[in-house]
Amino acid sequence: VAKREGGGRIRLFRPEMGERVLARQRDKADLRTAVHGGQLVLHYQPIVDLTTSVVTGAEALVRWQRPGRGLLGPGEFIGLAEETGLIMPLGDKVLAAACHQAVRWHDQGRALDITVNVSTRQLATAAFLPALDRVLATTGLASDRLTIEVTESVWADDAAMRGLMAVRETGVRVALDDFGTGYSSLSYLQRYPFDVVKIDRSFTHALEDSGRTAGVVRCIIDLAEVLGAHTVAEGIETSEQADWLRRAGCAFAQGYLFGKPDHADNWDSQPSVSSSGCAVFGTPDER
Ligand code: C2E
Ligand code: MG
Ligand code: MG
Ligand code: MG
């Protein structure tokens with residue numbers, strides 16, 4: 001099988017590679033259709049104030065309603081989106097939809113902050129900041145109600161770092177996602193400002209089994225405080241984890257205990273979670 005690529009290069013494939021290459025081509029084409037043709041779906045997961053159990057915000061998490069394949073999680077297509085550049089239009093759509101949803105909630109009397117994942121690749125493009133400005137202008141969302149989540153890979157990309165600094169100047173908040181699993185150095189952390197540290201769920205899950213993990217998590221919470229950021233613990237599944245984190249001074253939490261990611265329509269009917277999880281929606285008065 002020979003394939004002509006851009007620039008007139010010809011590449012030869014061994015026959016057994018054919019299948020895989022074709023599948024990838026198909027995935028690429030399908031993902032392009034998905035991004036531009038309305039197959040992306042956003043689910044929202046509650047972020048809860050650990051001391052009051054009030055839901056103060058929501059993280060937007062993208063899914064792909066892929067015809068014939070069901071609802072795919074981001075782990076199955078974000079990598080391909082980054083490789084192909086489709087992460088740019090995908091990210092723009094997610095950001096716009098999430099900000100619109102935040103305004104909708106606000107109009108319904110729910111003061112929920114909105115949190116959106118932004119890939120380092122997306123942040124590094126010159127188009128990101130204008131797109132962000134445009135979304136804030138068209139939705140009327142106050143910039144301090146929006147948090148963008150970046151992973152620690154941002155430290156390794158100069159253009160993304162510049163993007164991050166520019167984002168922060170707009171008043172939009174920045175969270176370090178999956179903290180403790182990536183490239184952070186104490187030198188970066190003290191040099192560059194950010195607002196939120198999200199403790200990766202691998203730490204949350206190891207809390208009960210490992211005194212070392214517990215010690216490390218305590219240090220992350222203290223470090224965040226020193227740096228002027230607040231902490232959100234990810235992946236909380238048990239009330240024991242929630243209790244431990246609350247006692248350790250972690251301010252916010254997210255996890256199946258409080259609520260799984262779900263379509264915004266289902267948030268209307270979401271019950272206040274009972275005593276163990278106890279998540280209740282915040283009204284402007286409660287905030
Ligand atoms: P993340 O930002 O760290 O999001 C948290 C992930 O943990 C989500 O997986 C969520 O469903 C899952 N999770 C939440 N609570 C629990 C829990 O209690 N237990 C367990 N086991 N898992 C929990 P999801 O939705 O599959 O997303 C995976 C990753 O994909 C996200 O990790 C984020 O890095 C990325 N992602 C999601 N949406 C977007 C997007 O719009 N743009 C970009 N660039 N990346 C996205
Ligand atoms: Mg995230
Ligand atoms: Mg995370
Ligand atoms: Mg992640």
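**Exercise 1. Find where ligand 1 sits in this predicted model, and describe its shell.**

Solution.
Step 1. Start with the pocket. Ligand 1 occupies the largest pocket.
Step 2. Count the surroundings. The shell holds 22 residues. The closest are Arg-63, Asp-177, Arg-201, Glu-237 and Tyr-256.
Step 3. Sort the shell by class. Nine residues are nonpolar, five are polar and eight are charged.
Step 4. Trace the shell back to the fold. Strand S4 (54-66), helix H3 (87-107) and strand S8 (173-179) each supply at least two residues. S4 gives the most, with four residues.

**Exercise 2. List polar side-chain atoms that lie within 3.5 Å of ligand 1, and state how much of the ligand the protein buries.**

Solution.
Step 1. Look for a nitrogen atom of the ligand. A polar side-chain atom of Glu-237 lies 2.5 Å from one.
Step 2. Turn to the oxygen atoms. Asp-178 places a polar side-chain atom 3.0 Å from an oxygen of ligand 1. For Glu-234, the distance from a side-chain N or O atom to a ligand oxygen is 3.1 Å.
Step 3. Now take the area. Ligand 1 alone exposes 800 Å². The protein buries 83% of that.

**Exercise 3. Identify the donors of the magnesium ion (ligand 2) and place them along the chain.**

Solution.
Step 1. Read off the donors. They are Glu-59 (OE), Asn-117 (OD1), Glu-149 (OE) and Asp-177 (OD). Their distances run from 1.9 to 2.3 Å.
Step 2. Write the spacing. It is E-x57-N-x31-E-x27-D.
Step 3. Pick two donors and find their elements. Glu-59 lies in strand S4 and Asn-117 in strand S6 (residues 113-117), so this pair ties together parts that are 58 residues apart in sequence.

**Exercise 4. Do the same for the magnesium ion (ligand 3), then find the residue that bridges ligand 3 and ligand 2.**

Solution.
Step 1. Name the donors of ligand 3. Asp-177 (OD) and Asp-178 (OD) take part. Glu-234 (OE) is listed twice. The distances are 1.9 to 2.4 Å.
Step 2. Write the spacing. Along the chain it reads D-D-x55-E.
Step 3. Locate two of the donors. Asp-177 lies in strand S8, and Glu-234 lies in the loop between strand S10 (230-233) and helix H10 (239-247), so the pair ties together parts that are 57 residues apart in sequence.
Step 4. Compare the two donor lists. Asp-177 appears for ligand 2, and Asp-177 appears for ligand 3. Asp-177 bridges the two magnesium ions, which lie 4.2 Å apart.

Methods
Residues numbered from 1 in each chain as written. Chains lettered and ligands numbered in written order. Predicted model: local features only at pLDDT ≥ 70, side-chain atom pairs only at ≥ 80, totals over all residues. Heavy atoms only, no water. Near = heavy atom within 4 Å. Polar contact = N/O pair within 3.5 Å; in protein donor to acceptor, adjacent residues only side chain to side chain. Areas by Shrake-Rupley, 256 points an atom, 1.4 Å probe, with all protein chains shown as cover. 1 Å grid on protein atoms, 1.4 Å probe; cavity = no way out; pocket = protein on both sides within 12 Å on 5 of 7 lines; lining within 4 Å. Sits in = over half its atoms within 2 Å of the grid points. Nonpolar A, V, L, I, M, F, W, Y, C, P; charged D, E, K, R; others polar. Donors = N, O, S within 2.8 Å, 3.2 Å for Na, K, Ca; no water.
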